Amino acid sequence: MSAPIEIRSAPHVQSAKTVETIMRHVVYSLLPICAFYVFQYGVSALASIVVVTGACLLTERFFVGTGTQAGRLPDYSAVITGLLLALTLPPGFPLWMGAVAGIVAIALGKALFGGIGFNVFNPALVGRAFVQAAFPTAIATYTPSFLPGRFAEFIPSTHAVPLMIPADAALWLKAKSLDALAGATPLAKWKFDGVLANADELLTSLSGHMAVGPSPLLILLCGAYLASRRFMDWRIPLAVLGSAALTAWLLYAFDATRYPNPFFMLFSGGLILGAVYMATDMATSPVTPKGMWVYGALIGLLTVVIRYYSGLPEGVMYAILIANAASPLIEKITQPVPFGRGVLDRVKKRATYPLNPGYISREEANAVTPKKRFLPNKPKK
Amino acid sequence: MKLVSYFRGEAFQRGVHPPSCKLTAERKIRRLPFPDRVTVPLSQHIGKTPRPIVRVGQEVVRGQPIARSDEWLSVPHHAPLSGVVEFIGLRPGMRGTWIEAIVIRAHPGATQEDLWGRPRDLSQASGQDILQAIWDTGMVGLGGAAFPTHAKLSVPKQAKVHTLVVNGCECEPYLTCDHRVMVEHATDLIAGIRYAMRATGAVRSIIGVEDNKPDAVLVLRQAIADAAVAGVSEEIHVEAVPTKYPQGAEKMLITALFGAEMPAGGLPIALGMVVSNVGTLAALGKLLPLGQGLTERVVTVTGPGVAKPGDYRVILGTPLKFVLDYAGASAVDAMDARQVILGGPMMGQAIASLDVPITKGVSGVLVFRAEDMVEREARQTYPCIKCGECVESCPMGLNPSTLGMLAAKREYELMGEKYFLGDCFECGCCTYVCPSNIPLVQQFRVAKQILREKAA
């Protein structure tokens, strides 16, 4: 026995997809969205993305270093959390509050549960929920997109001193001879003032001076890329958007004056971002295909209900967090039916041969030659 | 990929597409030289282990029975070499333990012709006679499971078989032995199918071949047409099924051909079918009329660590070291072979010693070098991120993600009762796709073993 050979358990080959590749591709797909977001809102948005992501990475580094949580830094999962968190915050969000959000996202949302794969709630949304409760004014203060000089100067609230009240963005907007109302998000405008924005403007978010988040169209495109490479499950976004549209459409059909049209519901606020990037977080969504549909439908329904009937203009965050909490239960009731344990007498239409040839004689069998689907049928000589 | 298979019509649900790596698909089967010494393990198949019927020092001729058992679920072994029985005792086995084996030293001058055979005319034989003749050949499933063929082909009294499904899928990457047998021994295969149909009373036979072997499909269709001209009245079809792992599992193949799911825990006989592998039937077609025993089989010797990969006709009991020396696995000499696998890369068994012999159930020998293993060794293992890839790949429709987490908590009873662990046939799809690099199949194997021990 000369050569040292090793014993391993089968299978001896593995697909190339690893946790790192999945996470890295999610980060790649987020980069165009971030770039467009910076293009919309200028240096403040850039600073916000950098600070929030940095805070997430430092916190992750700390907890991985102390051995509190599983995973490692180069798995890119903390980068995703940071980027997503920054995209959900207003562009002029004070940087120190953004750092707090990032720290809380990783510490309470992820490290507390044991790190990658163990978290129950989407870490980015935990961070956002925390700052929403802690700094309700700052998180509701949006600035319009495409402001002149947005690459030269920061929005004044960006560099607020920690624990101090940030500078009033409304005054700053007034000085730029823009209506203070421009600083409200389309959802808030609809909720509190009854002003409805056009759905197509929301979709591209290219029209000037609207206080919207990252472009929904771009998010859908990037999501389509991820889904096509199977780095993300296509069922969840489809279920979220489908159920939100259906609920909104039902209410719209019921009373068109009281409820906005379903397209406004779909493209406003964070619904697209939530459906494509937040709800699809692997660790916090069910693993079973049926469960994914249920989970997505629950998020869509809750989003519309919260938006219409609660005091908040936006409901995606709480809808996803509630569905996260419900996902183990959803998984429990949607276990797949194992092979050979479902309906057995149903023969699928793809069958090439009848199950029981009983009566078939050779002549008859030749008469009903099975249709060859995959190779041309070579005539018998 | 999913979308493509949706429009083409999917063979069976889920499954994976590993790179096929069939390096040897174009090469003819060659005969490996005879070694000077063979080791015939007594336990080569499922069922009772036969007892030796030769003594140390006894002269044997090639093809002579050297071990047999009177149990039903057992087959005899035949001497693969003409020579002298040198030793009967413990030798290294493929599972790592030492097992009882008969060692035969070859006569230096022997021609190694198969002299023992008793040719017979089976044209008028009854099904029972054919089953007896199959038992005499010592045939077991050559696809890898090594289940005695006569037992597989005998139909219980209350059941009735109408279809013989012939499994020519060979879905494992790298392996091509069944492919080459179909191409080069189509006539033997047709003959074997006819014997098997008579033994089981089947009225039709369907050969399922994966569509990555179009040459085999064409050769078989031609052979069937020729046989029909020559007066063969049995109904035999060849069907190309979409390539997908694990198509070669009998449940998956039946689903692909008939669109029906086999009931869980049942055998194909519940649907009136018997499934057999092409290699087995081709060997039967050759051996039955000659009345000879199974003394050799076709083995794919391949992998990045083999210089002359190919399909070799190897006599049973040949030590792996001899096979690899001949196939130019220089890696073995250069201390570079890191892993030697018997079988395919998805379900094969890594072995610990090169003294292990080729047995009836070995369909392939794979050699991986150190540099082929680097990437896998460098892979980090993460906790389950619940991506759901395993659920989407499990051909049995289980939930490997949850099963894996339960296994880590040692909740074996729960796995068996609520999550149908017993349905798992260890195809390895879940581990193949797992991005977190969790050894799911290994956990399931351990869990099943523990449940078996508890039940016993």
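These legends go with a set of close-up views of a predicted model with chains A and B.

**View 1. The whole predicted model, with its confidence scores.** Overall, we're looking at an ipTM of 0.85 and a pTM of 0.86. Chain B averages a pLDDT of 86, with 96% of its residues at 70 or more. The catch is residues 1-6 of chain B, where the pLDDT drops below 50. Beyond near neighbours in sequence, that stretch has three contacts in the model.

**View 2. Chain A, a chain of helices without strands.** DSSP runs give 16 helices and zero strands here. Of the 381 residues in chain A, 48% count as buried. Take the contacts in chain A with a separation of 6 or more: 74% of them link residues 24 or more positions apart. The domain assignment splits chain A into domain 1 (19-141 + 143-183) and domain 2 (193-214 + 233-335). Their C-alpha centres sit 21 Å apart.

**View 3. Helix 2 meets helix 4 in chain A.** Helix 2 (residues 43-65) and helix 4 (residues 95-109) bring their axes within 8 Å, crossing at roughly 35°. The crossing is right-handed. On the helix 2 side, look for A:Ala47, A:Ser48, A:Val51, A:Val52, A:Ala55, A:Cys56, A:Thr59, A:Glu60 and A:Phe63. Helix 4 answers with residues including A:Leu95, A:Gly98, A:Ala101, A:Gly102, A:Ile103 and A:Ala105. By class, this contact has 13 nonpolar, four polar and one charged residues.

**View 4. A:Leu85 and its surroundings.** This leucine belongs to helix 3 (residues 77-88) of chain A. A:Leu85 counts as buried because it has 30 C-beta neighbours inside 10 Å, and the cut-off for that label is 20 or more. Leaving out residues up to four places away in sequence, A:Leu85 touches A:Val52, A:Cys56, A:Ala101, A:Gly102, A:Ala105, A:Ala124, A:Gly127 and A:Arg128. Some of these names may ring a bell from View 3: A:Val52 and A:Cys56 are in the helix 2 part of that contact, and A:Ala101, A:Gly102 and A:Ala105 are in the helix 4 part. A:Gly98 is 13 residues along the chain from A:Leu85, with 8.6 Å between their C-alpha atoms.

**View 5. Where chain A touches chain B.** Here 58 residues of chain A are in contact with 77 residues of chain B. Helix 1 (19-41) and helix 16 (362-367) of chain A each chip in at least two residues on the chain A side. That side divides into 31 nonpolar, 14 polar and 13 charged residues.

**View 6. Helix 7 of chain B, buried from end to end.** Nine of the nine residues in helix 7 (residues 250-258) are buried, so the helix is largely enclosed by the rest of the structure. Even B:Glu250 and B:Lys251 are on the buried list, along with B:Met252, B:Leu253, B:Ile254, B:Thr255, B:Ala256, B:Leu257 and B:Phe258. What do they pack against? Four strands of chain B: strand 9 (163-168), strand 10 (204-210), strand 11 (235-241) and strand 12 (273-277). Just after the helix comes B:Gly259, with a positive phi near 70°.

**View 7. The two assigned domains of chain B.** Domain 1 (2-24 + 140-290) and domain 2 (389-455) come from the domain assignment. Their C-alpha centres are 28 Å apart. Each domain puts 10 residues into the contact. The domain 1 side has eight nonpolar, one polar and one charged residues.

How values were computed. Residues are numbered from 1 along each chain as its sequence is written. Chains are lettered from A and ligands numbered from 1 in the order in which they are written. This is a predicted model: local features need pLDDT of at least 70, side-chain atom pairs count only at pLDDT 80 or more; totals for chains, interfaces and linings use all residues. Axes are lines fitted to C-alpha atoms, for helices over the stretch in contact, and angles run from 0 to 180 degrees between N-to-C directions. A crossing is left-handed if the near helix is turned anticlockwise from the far one by less than a right angle, and right-handed if clockwise. Two residues are in contact if their C-beta atoms, placed from the backbone, lie within 7 Å. Ala, Val, Leu, Ile, Met, Phe, Trp, Tyr, Cys and Pro count as nonpolar, Asp, Glu, Lys and Arg as charged, and the others, Gly among them, as polar. Domain bounds come from an automatic or database domain assignment. pLDDT is the predictor's confidence in each residue, from 0 to 100. A residue is buried if 20 or more other C-beta atoms lie within 10 Å of its own, exposed if 12 or fewer, and partly exposed in between; C-beta atoms are placed from the backbone.
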